[in-house]
Amino acid sequence: MGNCSPSPRRRRPTEPGSPPLDGTVSAPTVTVNSISVAPYALARSPSVSAAAVDAEDGAVVRVYGSDGCPVAWRLRVALLYKAAAPLHFTPSEAAPLGRPVLRLSAADPEVCGTADELLRLVDARFEGKPRVTPPERPRAASPAAAAAAEVAEIVRLQHRSAERHLEGVAAKVSEMVKKGKKSGKGRTVVEAAEVRRLGKWYGDAMEVMLEHARMEETLIFPDIQRASFPGVCDKVNEQHGRHLPMMNGIKEDIKTLLTLELGSPLFHEVLVNLSVRLKALQDHTKEHFKEEESDLLPRLEGVRRMQREEGKVSDKSSSAWASEAVSTMEVTHSKLFPFFMTGLLPQEAMQYLDIICRCTKNTRHLVSMLRSLAERLEDANPSIIHNNPTKLYEHLLVKSP
C-alpha cells in the first residue's frame, strides 16, 4: 500500500495516560476489545476542543487523518461498507507518521495503528457481517504459488462483479417489460430516464467486461498456452469472440429504445427482444467464467514457474504479476472503479481493496480510487450495501445527476 508522508506532530498538552510529546508512537499499547493498539492523544484546532467533540453524539465513529493518506481513505471505505454507525472524518496532519487515528465512540480512546489493526478493531466492536478485515491468506507453498493465487483472486472477483451487473441489467429490463404489459386507464409506462440509466448501466458493464477480456488475452492466456500445451486456451478465446457480437447487439437494442415512442407496441417488442438477448449473454458468460476458473486458473502456478525459469521474474516480486494485471485495466481502476466495486459483496470488496492497496504503487492514484468509492457509498442505504450489490448500483444510479 502506498506510504503516507510524515507530517508535523502538533500535540495538545500532556494529559494523564497520553503518549509522550517526543512524537514517537511506541508508547505502551492499550487493549480495546482484546486488540492491542497504540493510544494517541490527537492535537485539535484551537477552535475545536476535546470537550466539544466529546459532547457530540457518542455513537459516531471518528477518523482523523491526512486527506492524501490512502490508509485513512481505506479505513473510511471500510467503515462505510460496515455501515454500523455514523461516520465523521476530520482532516488532520497531526496523526503520527501520517497514519489515521480512529475513535470508535466518545467513550473510547483515540488509537493509531496499521490498516489491518484498525480494521480488526472495527470488526471486533461491530460484530457480525459484513466483515471489513481481509481474510487471512493461507501460507503459499512457494513464491510462484503466492503470485498465482493473487492473480487468480483478481480474475475471480472481476468475474463476480461482471456477473452481478449483468444480472442487475437483466432484472431491470424484466421489470420494464412487466410495466409495458400493464394496460388500461392510468397504466404504468416506462420512463425515458429509466432507459437512459439502463444504457449507462449496461455500457459501463460492457466496458469492464471488454477490458477484463483484453487483460486475460494479453497477460494470462498466452503464457498459459506456452506453459501447458497448444490449444488449451482456444475455446475461451473463441468464447470472447462470440460474446462481442452479443454485447454489441444488446447495445444497439438499447440505442433503438431511446429513439422509439415510450409504451408503443414496437418499443415493447424491442424491449422483449432485449430481455431475451440479455438472458442468453448471462448464461454464456456464467458458463465461460466457470470454465476459466476450473480449467485455466489452476494452471497459473505452472505459468509463474515457467516465467521464473526463463528469467522474466524473481522470487522477490510475488505481487508484481498482480500489479501488472491491475495496471492493465486502466479504465476499470479509474473512472469505473466505484461501478466495478458495487458489483461485489462487502467481504469480496474488502478482498479486492486489499489487493489494490498492495499492488498500486502510485499513491495519488490509489487515493483517487478510494475517494471516488467513498463518495459513492456515502449516498447509499446501509441495508443495500450489506445485502444486494445490484440494488446498490441501481440506487446510486438513480441518485446520479
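# Buried charges and a packed helix

K172 is a lysine that sits out of reach of the surroundings: with a relative accessible area of 11%, K172 is buried. Please keep in mind that this is a predicted model.

## The whole chain

Let us start with the overall picture. The protein chain contains 14 helices and six strands. How many residues does the protein chain have, and what percentage of them count as buried? There are 401 residues, and 49% of them count as buried. The contacts also tell us about the fold: among those between residues at least 6 apart in sequence, 74% join residues at least 24 apart.

## Salt bridges

Back to K172. Its partner is E394: the two form a salt bridge, and their closest N and O atoms are 3.2 Å apart. This pair ties together distant parts of the chain, with K172 in helix α4 (residues 143–181) and E394 in helix α14, 222 residues apart. Is E394 buried or exposed? E394 is buried, since its relative accessible area is 16%, and the cut-off for buried is under 20%. K172 and E394 also belong to a wider group: K172, E175, K179, E194, K391 and E394 are linked in a network of salt bridges.

The structure holds 23 salt bridges. Here are some of them, with the distance between the closest N and O atoms.

| Salt bridge | Closest N and O atoms |
|---|---|
| D108 and R125 | 2.8 Å |
| K172 and E394 | 3.2 Å |
| E301 and R305 | 3.2 Å |

Take D108 and R125, which form a salt bridge at 2.8 Å. Their pairing links distant parts of the chain: D108 belongs to the loop between β5 (101–103) and β6 (111–112), while R125 belongs to helix α3 (residues 115–125), and the two are 17 residues apart. D108 counts as buried because its relative accessibility is 13%, whereas R125, at 28%, counts as partly exposed.

Now look at E301 and R305, the salt bridge within one helix. Why are E301 and R305 separated by about one helical turn? They are four residues apart in helix α8 (residues 300–309), so about one helical turn lies between them. E301 is partly exposed with a relative accessible area of 27%, and R305 is partly exposed too, with 36%.

## A buried glutamate without a salt bridge

E211 lies in helix α5 (residues 192–227). This glutamate is buried, yet has no salt bridge. Which side chain of opposite charge is nearest to E211? That is R214, 4.6 Å away, and the cut-off for a salt bridge is 4 Å. The E211 side chain does reach a backbone atom, namely the nitrogen of E330, at 3.2 Å. Leaving out residues up to four places away in sequence, E211 touches T328, M329, E330, V331 and T332.

## Helix α12 and its buried side

Helix α12 covers residues 363–377, which makes 15 residues, and its first and last C-alpha atoms are 21 Å apart, close to the 21 Å expected at 1.5 Å a residue. Which residues of α12 are buried? They are L366, V367, M369, L370, L373, A374 and L377. These residues cover an arc of only 160° around the axis, and therefore lie on the same side of α12.

What covers those buried residues? The cover includes α2 (70–82), α10 (337–341), α11 (346–359), α13 (382–387) and α14 (389–399). So α14, the home of E394, is among the elements covering the buried residues of α12.

The N-terminal end of α12 has a cap: a side-chain oxygen of N362 lies 3.0 Å from the backbone nitrogen of R364.

## Two more buried residues

S161 lies in helix α4. At 2% relative accessibility, S161 counts as buried. Among residues more than four places away in sequence, S161 touches F340, G343 and L344.

L281 lies in helix α7 (residues 265–296). Its relative accessible area is 0%, so L281 is buried. Setting aside residues up to four places away in sequence, L281 touches L166, Y202, H243, M246, M247 and I250. How far apart are L281 and A170 in sequence and in space? They are 111 residues apart in sequence, and their C-alpha atoms are 9.7 Å apart in space.

Key
Residues numbered from 1 in each chain as written. Predicted model: local features only at pLDDT ≥ 70, side-chain atom pairs only at ≥ 80, totals over all residues. Heavy atoms only, no water. Expected span 1.5 Å × (residues − 1). Buried < 20%, exposed > 50% of the residue type's maximum accessible area, 1.4 Å probe, protein only. Arc of directions from axis to C-beta. Contact = heavy atoms within 4.5 Å. Polar contact = N/O pair within 3.5 Å; in protein donor to acceptor, adjacent residues only side chain to side chain. Lys, Arg positive; Asp, Glu negative; His and termini not counted.
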